Amino acid sequence: PAFYTWLKAHRPELASRVAFATGDTLSGSAARFLTAAGNPYIEKPFTPEGLQRLVAQVQARRMVKQPS
């Protein structure tokens, strides 16, 4: 969370390119952080296919945010 917070403050244009991998979505603080960030995430353990879907989500977000 600290790096993402710094990134949003200092390089907000890069924040939408971040995805998270977590093994702790059950804790309240992790769930609140992921909800507030709004970025894609994947839970550990994950499969290669799941990671591929996560990368595709990040790429799709970039395509939507790029000006035409």
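Visitor: Which residue forms a salt bridge with Arg11?
Guide: In this predicted model, local features need pLDDT of at least 70 and side-chain atom pairs pLDDT 80 or more, while totals for chains, interfaces and linings use all residues. Numbering starts from 1 along each chain as its sequence is written, and side-chain values use heavy atoms, leaving out hydrogens and water. A salt bridge needs a side-chain nitrogen of Lys or Arg within 4 Å of a carboxyl oxygen of Asp or Glu. Here the closest N and O atoms are 2.6 Å apart, and the partner of Arg11 is Glu13.

Visitor: Buried, exposed or partly exposed: which is Glu13?
Guide: Buried means under 20% relative accessible area, exposed over 50%, partly exposed in between (1.4 Å probe, protein chains only). Arg11 has 38%, so Arg11 is partly exposed. Glu13 has 46%, so Glu13 is partly exposed.

Visitor: What pattern does the protein chain follow along the sequence?
Guide: Helices (H or I, at least four residues) and strands (E, at least two) are DSSP runs numbered from the N terminus. The chain has three helices and two strands. Read along the sequence, they give α-β-α-β-α.

Visitor: Which helix supplies the largest share of the largest nonpolar core?
Guide: Such a core joins buried Ala, Val, Leu, Ile, Met, Phe, Trp, Tyr and Cys residues through side-chain atoms within 4.5 Å. The largest one has eight residues: Tyr4, Leu7, Ala15, Val18, Phe20, Phe33, Leu34 and Ala37. Both α1 (2-10) and α2 (28-37) supply at least two of them. With three residues, the largest share comes from α2.

Visitor: Which residues does Phe33 touch, not counting those up to four places away in sequence?
Guide: Phe33 is one of the core residues. Touching means contact, with heavy atoms within 4.5 Å. Beyond the excluded neighbours, Phe33 touches Pro1, Tyr4 and Phe20.

Visitor: Why do the buried residues of α2 lie on the same side of the helix, and what arc do they cover?
Guide: Ala30, Phe33, Leu34 and Ala37 are buried in α2. Arg32, Thr35 and Ala36 are exposed on the other side. The arc is taken from the directions between helix axis and C-beta atoms. The buried four lie on the same side of α2 because their arc around the axis is only 95°.

Visitor: Which elements do the buried residues of α2 pack against?
Guide: The buried set in α2 includes Phe33 and Leu34, and both belong to the largest nonpolar core. The packing partners are one helix and two strands: α1, β1 (20-22) and β2.

Visitor: What phi does Gly38 take?
Guide: Gly38 comes just after α2. Most residues other than glycine have a negative phi, and most peptide bonds are trans. For Gly38 phi is positive, at about 75°.

Visitor: Which residue follows Lys44 across a cis peptide bond?
Guide: The bond has omega near -10°. The residue in question sits in the loop between β2 (41-43) and α3. Lys44 is joined in cis to Pro45.

Visitor: What accessible area do Phe46, Leu51 and Val55 have together?
Guide: Val55 lies in helix α3 (residues 48-65). At 43% relative accessibility, Val55 counts as partly exposed. With Phe46 and Leu51, Val55 forms a nonpolar surface patch (over 30% relative accessible area, no salt bridge; nonpolar side chains joined within 5 Å, like charges within 9 Å). By the Shrake-Rupley method with a 1.4 Å probe, where only the protein chains shown count as cover for residues, the three together have about 240 Å².

Visitor: What share of the 68 residues is buried?
Guide: The C-alpha atoms fill a box of roughly 40 × 30 × 15 Å along the principal axes. The accessible surface comes to about 5100 Å², with 59% on carbon and sulfur atoms. Of the 68 residues, the buried share is 26%.
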